[in-house]
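Visitor: Please walk me through this structure, and tell me on what grounds each term is applied.

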Amino acid sequence: MFLFLAKRFGASGLIVIGITFITFLLSYFIPADPVRMLAGRSATQETVESIRHQLGLDQPLPVQYLKYLGRLVQGDLGRSYKQKTQVAELIASRMPATLKLLVGAIFFEVLFGIPAGIFAASRRGRKADNLAMIASFVGVSAPQFVVGLLLLWVFAYKMALYPLGGYGGLSHLILPAVTLGITGGGWYSRMMRSSMVDVLQQDYIRTARAKGVRESAVVLVHGLRNAVLPVIAMIGMDIGFFMSWTVVVESVYGWPGIGQLTWQSIQVIDTPVIMGVTLVAALAIVIGNFMADLIMPLIDPRLRVR
Amino acid sequence: MDCNYLLRSFFYFDLPGIEFAVSYAWRKFLRKKVAVTAAGVLAVIILAAVFAPVLAPHDPYEQFFEGLTLQGAPLPPSAEFFLGTDLLGRDLLSRLLYGARTSLIIGVVANGVAVLLGTFLGVIGGYVGGFIGGAVMRFTDLMMAFPALLLAIALAAIFTPSLWIVALVIALVNWVWVARVIYAQTRSLAESEFIEAVRSLGASWPRILFLHVIPHLAPTVFVWSTLGISTTVLLEATLSFLGIGVRPPMPSWGGIIYESQSYFLDAPWLVFFPGLAILMLALAFNLVGDALRDVLDPTQRGRG
C-alpha cells in the first residue's frame with residue numbers, strides 16, 4: 001500500500017516536471033519578444049542586448065529551463081505583462097472564488113449524475129433507460145457558454161429568480177455551478193450506468209438476490225460500493241478539468257475567479273498569466289488524481305493490499 | 001520494411017465474411033431509432049453546409065441597412081430575415097448556414113488528424129513497446145494531465161488563428177484519448193492467442209502488424225472518427241466564443257455568440273439559434289458514434 005502510494009507520488013512528480021517543461025517551451029516560443037516590450041520601440045541594439053542579458057535570455061535553453069524551474073520552486077510564476085503584479089499573487093487572489101464554484105459544480109454533477117446512472121442501470125434496456133441516456137448525451141453535447149447564457153436569460157432576466165451574474169452568496173453561485181456541472185453530470189451518469197450494469201452481472205449480486213435481499217438494497221448497498229469507484233476516480237480528474245473550463249463559465253457570469261483572469265488575459269495576450277494558470281490547472285489535475293488514489297482504498301479494501 | 005503489407009491491409013476487408021459482418025452491423029444500426037434520427041439530422045446539417053450558397057437567402061457578409069432598427073439594434077426573426085439579424089445587420093440564417101461549413105471542416109479535419117496521430121502513437125506504444133513505446137505512452141500520460149482547453153488557448157495565442165490553425169490546435173490536444181484507447185486495444189491484441197499463433201508460424205512483424213493487428217483496430221478507429229467529432233465541434237465553438245477561434249468576418253457558430261454576447265438579453269435569438277445548431281451537431285455525432293460502438297464492438301454490446 002505504502003509502496004503503491006510512493007510509486008504514484010513519484011509518477012505524479014515526473015508528470016509535474018514534464019508539465020513545467022511544456023509550459024516553459026510554450027512561453028519560450030511565443031513570438032512576442034518580452035525584451036522589445038520592456039525596452040520600447042526606440043531602444044538601441046545595445047540596450048536590447050543588455051536587457052536580454054539581464055533577463056538571462058541569451059543563455060542556452062537548458063540553463064534557462066533550470067532557472068525557470070528554480071523560480072517555480074520559489075513560487076515565482078513571473079510577472080503579468082499588463083497588470084504589473086506577480087502572476088502568483090494574481091492567481092492566489094482569484095483562487096477562493098474558483099474553489100467555491102468548483103465545489104458547487106462537483107456537488108451538482110454528483111447530485112444529477114450518480115442517481116441518474118443508477119436509475120438507468122436498474123431499468124436497463126427499457127424506455128426510462130433510453131431517455132436517461134439521451135438526456136445524458138444532451139448534457140455532454142451542450143456547449144457550456146450556451147447553457148450559461150440561456151440559464152441567465154431564463155432564470156435571471158425573464159424570471160428574475162437569480163442575480164444577473166456577479167459574485168456573492170448562494171443565489172449567485174447556483175447558476176454558474178449548474179452550468180459547470182452539466183457536462184460532468186452527463187458523463188457521470190453514463191459512467192455510473194455502465195459501471196453499475198457490469199457490477200449487477202456479477203456472482204455476488206446474484207447471491208444477494210437469491211438470499212432475498214430487496215432489489216433496492218441490492219443496487220444501493222451491494223452494487224453501489226463497487227460501481228461508484230470509477231466515478232470517484234473521475235471526480236479526482238474533474239477538479240483539474242474545471243480549473244480550465246471555468247474560463248467559459250466565469251466569463252459568462254462575470255465570476256471573479258481564475259477563469260475570468262484567464263479570459264481577460266486571453267483578450268490582451270498576457271502570456272505569463274495564461275502560462276501560470278495552465279501550470280496551476282495541470283498541477284490541480286495531478287493533485288486531484290493523487291487524491292483519488294488516496295481515497296479509493298478507503299472505499300475498496302481490495303486496493304489496500306496492492 | 002515491405003510496404004506491400006500496408007496496401008494489403010486495405011484489401012483485407014475483401015475477405016469472405018466481411019460483407020456479412022458489415023451488413024449485419026448495418027442492419028443492427030438501422031434498428032436503433034435514435035441513432036438513425038441522429039444520422040438524419042447529421043445528413044441535413046452536412047447538406048446545408050454543402051449547399052450553403054444555394055440555400056442562404058442573403059450574402060452572409062453583407063451588412064444590410066434595413067437589417068438594423070433605426071436605433072441600430074438587431075432585428076428579431078421576420079419574413080425578410082428568417083432568424084433575425086446580428087449586431088451588424090447581417091442575416092443570421094445565412095451566417096448559420098455558412099458557419100456549418102466552418103464547424104464541419106474543423107470537426108472533420110481536426111478529428112481526422114487526431115485519430116490518425118492517436119492511432120499511430122497508440123500502435124507504437126502498444127505493439128512496438130520497449131523504450132520507444134514506453135516513452136510514447138509516458139508522453140501520452142503527461143498530455144492527459146495537461147488541461148486541454150488551456151493548452152488550446154495557449155497554442156491559439158502563439159499562432160494567429162486561422163481555419164487550419166484552429167483545426168491543428170484542436171487535433172494537438174485531442175489525439176491523447178484516441179491514443180489511450182488504441183494503446184489498450186493493441187496491447188490486448190498483441191498478447192492474444194491468434195497473434196501468438198501467427199508469430200509461431202514465423203510471420204514477420206510488419207505482416208502481423210498490418211494484416212492482423214491493424215484490421216482489428218478498424219472498428220475502434222471508425223467509432224472514434226465519429227464520436228470524436230462532437231468533442232472537436234464543441235472545442236472549436238468554445239475557442240471561437242473566447243475570441244480565439246477562426247477570424248471574423250468568417251462565420252462560425254461560436255463566433256456569432258461571441259460577437260453578440262453583450263447584446264444577448266435583448267436579442268436572445270442571436271444566442272439561441274447558433275447554440276441550438278452547436279448542440280444538434282455535437283449531439284448527432286455523439287449519438288451516431290455511440291450506436292456505432294454498440295454495433296461494432298462486441299465487448300460493449302448492451303452496455304453503452
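The talk that follows takes up an exposed residue, a cavity and a pair of helices.

Guide: This is a predicted model, in which local features need pLDDT of at least 70 and side-chain atom pairs count only at pLDDT 80 or more, while totals for chains, interfaces and linings use all residues. Residues are numbered from 1 along each chain as its sequence is written, chains are lettered from A in the order in which they are written, and side-chain values use heavy atoms, without hydrogens and water.

Visitor: Why is B:T37 called exposed?

Guide: Exposed means over 50% relative accessible area, buried under 20% and partly exposed in between, with a 1.4 Å probe and protein chains only; B:T37 has 52% relative accessibility and therefore counts as exposed.

Visitor: What makes a space a cavity, and how many of 30 Å³ or more are found?

Guide: A cavity is a set of points, on a 1 Å grid over the protein atoms alone, where a 1.4 Å probe fits but cannot get out. The search of the whole structure finds one of 30 Å³ or more, and the volume of the largest cavity, taken as the space filled by probe spheres set on the points, is about 60 Å³.

Visitor: Which residues line the largest cavity?

Guide: Lining residues have an atom within 4 Å of a point, and among them are A:F241, B:M143 and B:W177. α8(B), a helix (a DSSP run of H or I, at least four residues), gives the most, with three residues.

Visitor: How is the packing of α7(A) and α8(A) described?

Guide: Their axes, lines fitted to C-alpha atoms over the stretch in contact, are 9 Å apart at an angle of about 145°, on a scale from 0 to 180 degrees between N-to-C directions. Contact means heavy atoms within 4.5 Å, and A:L151 and A:F155 are among the residues of α7(A) that meet α8(A).

Notes
On a 1 Å grid over the protein atoms alone, a cavity is a set of points where a 1.4 Å probe fits but cannot get out, and a pocket is an open set with protein on both sides within 12 Å along at least five of seven lines; lining residues have an atom within 4 Å of a point. Helices (H or I, at least four residues) and strands (E, at least two) are DSSP runs, numbered from the N terminus.
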